[in-house]
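Reader: Could you walk me through this structure, please? I would like to know how each term is defined as we go.

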Amino acid sequence: MARCPQFEHSGGPLKALRAEAHGHISLLPDDILIGIISWLPIRDAVVTGAVSKRWRNLWKYVPSLRLTRQCIKLKDEGPRSEQAARFAGVVRSVLCHHGGVGVKRLFFALPLTCCCHTAELDQVMEFAAAAGTSILGFLLTNNRCSEHAGPPYNFPHWQFAGSHLQRLMLCGVSLTVAPQRNLEGLARLTYLNLTCVAVDDGSFASILSTCGALTALCLQECQQLVRMNMSHTRLRLLDVGHRVDIKYSHTPAIVKLKILLCIADECPLDCVGGAGALPSLEQLFLEFPSPLHAATCTQLQGVQHNRWFGGLNRIVLLLKTAWKEHISSVAYLLIAAPSVKELRVETYSDLPGPPPDNLMIQWPERCSMEKLQSIIIGGFSGEPELMELTFFLLQRSPALQTLAIDTHRRHLQTGSDSGCNREEAEDHVRCYYARGVAWTNLVPKIPSTVKFTIL
């Protein structure tokens, strides 16, 4: 039987085979290799330049750069000044050697333990502007969390004049409009996300009028922003996570709205505009730090809302505290928006105590949710008021098809790893208790026509 030469152990054929096998990936076109390298953290992408001469410069053409603590693999060792120096050194080296060719996405997140000089931040912005970046994330989380942080870094939007910037995410910076600076660099934005950004009412109004192509706007903890006059023809998504006085002058395209409702005696539907302000609204997210007052139920009975929110088909309520007898406001809200097909209630309360003898809930009389088809109760912990709400909706929703009880908190976020582990331990007990309450008290009252799910 003839011996196959590639299995010989004593000569060059085996070595040649190994060399050829090692070079198989190098036979791929540059575009594919660059696509593979782009999935690596930037530190690993740079290391691929040591594979061979052909690979030496491939990492310089990746279309996406993520300059974060995780991607740079910065160790949490030594004084903060040394960590900051290491982080700044790596960022400076990457920007100097890359050249900015073909970078369409740039994400820069300054770690909490680091700080950068203005000149170093300017270098990042100059790189992004020169590269023609279309998606930019610039997060200075150290300014957001530090009590002794200095004045926030002023985002140099004027450097992007003539660029193709389309998506912008900012955190911990200021965004001001100086008389001698125009906003041409923001004119092509379709998505804008501002978190802890120092921007006043006048600057925001100028930005909104300049961004004519904007379709999504998200604002979180922008405390200097007090009043907003919303007048935009293309905006489809508005997410405001802090208290702002919003006036909807002309917003015909908004289909999804998420706002924080801080005043307990304010009508939830009046706070999102008057007659004809949001004619295309389909999804409404309301976040409640505290329960609504009883007087609000009377306001929700007004029939004028039936005409204002005829297209609203989904309502999501985020309840941060126990509502008890005030839970009837949810029913009045559904009556005021009769076209709603899906109701989702997310709660964040702890393990409930012993149920009260009588909650004294005053439910609306002679009402029917004719179009309600789906109910989802998220973060359920066995609260008696949520059980009563479910019982009421089961009786008054003839078109109901699905009912889901989700004991997990889908929107809950914790700040540290230890906090996450502690929450998981507590959540296991809470979920076990909540599932037992649902199976014992709720299942016997669910009609056979309704599909029931519990998680």
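**A guided look at the model**

Reader: Happy to start with the surface: how much area does the protein expose, and what share of it do carbon and sulfur atoms supply?

Author: A word on the basis first: this is a predicted model, where local features need pLDDT of at least 70, side-chain atom pairs count only at pLDDT 80 or more, and totals for chains, interfaces and linings use all residues. Residues are numbered from 1 along each chain as its sequence is written, and side-chain values use heavy atoms, with hydrogens and water left out. Accessible areas come from the Shrake-Rupley method with a 1.4 Å probe, and for residues only the protein chains shown count as cover. The protein exposes about 23100 Å², and the share from carbon and sulfur atoms is 53%.

Reader: What percentage of the residues is buried?

Author: Buried means under 20% relative accessible area, exposed means over 50%, and partly exposed lies in between (1.4 Å probe, protein chains only). Of the 455 residues in the protein, the buried portion is 46%.

Reader: Which residues touch the most other members of the largest nonpolar core?

Author: A nonpolar core is a set of buried Ala, Val, Leu, Ile, Met, Phe, Trp, Tyr and Cys residues joined through side-chain atoms within 4.5 Å. The largest one holds 108 residues. Those touching the most other members are Phe108, Phe138, Phe155, Leu217 and Leu317.

Reader: Which residues of helix H6 are buried?

Author: Helices (H or I, at least four residues) and strands (E, at least two) are DSSP runs, numbered from the N terminus. H6 covers residues 118-131, and Gly132, with a positive phi near 70 degrees, follows it. The buried residues in H6 are Glu120, Leu121, Val124, Met125, Phe127, Ala128, Ala129 and Ala131.

Reader: Which residue forms a salt bridge with Arg314, and which strand does that partner lie in?

Author: A salt bridge is a side-chain nitrogen of Lys or Arg within 4 Å of a carboxyl oxygen of Asp or Glu. For Arg314 the partner is Glu342, with the closest N and O atoms 3.1 Å apart. Arg314 lies in strand S14 (residues 314-319), so the pair ties together parts that are 28 residues apart in sequence, and the strand of Glu342 is S15 (residues 342-347).

Reader: Lovely! How far apart are the closest N and O atoms of Glu346 and Arg344?

Author: A search of the whole structure finds 2 salt bridges. Glu346 and Arg344 are both buried. They form a salt bridge whose closest N and O atoms are apart by 2.6 Å.

Terms used
The expected span of a helix is 1.5 Å times one less than its number of residues.
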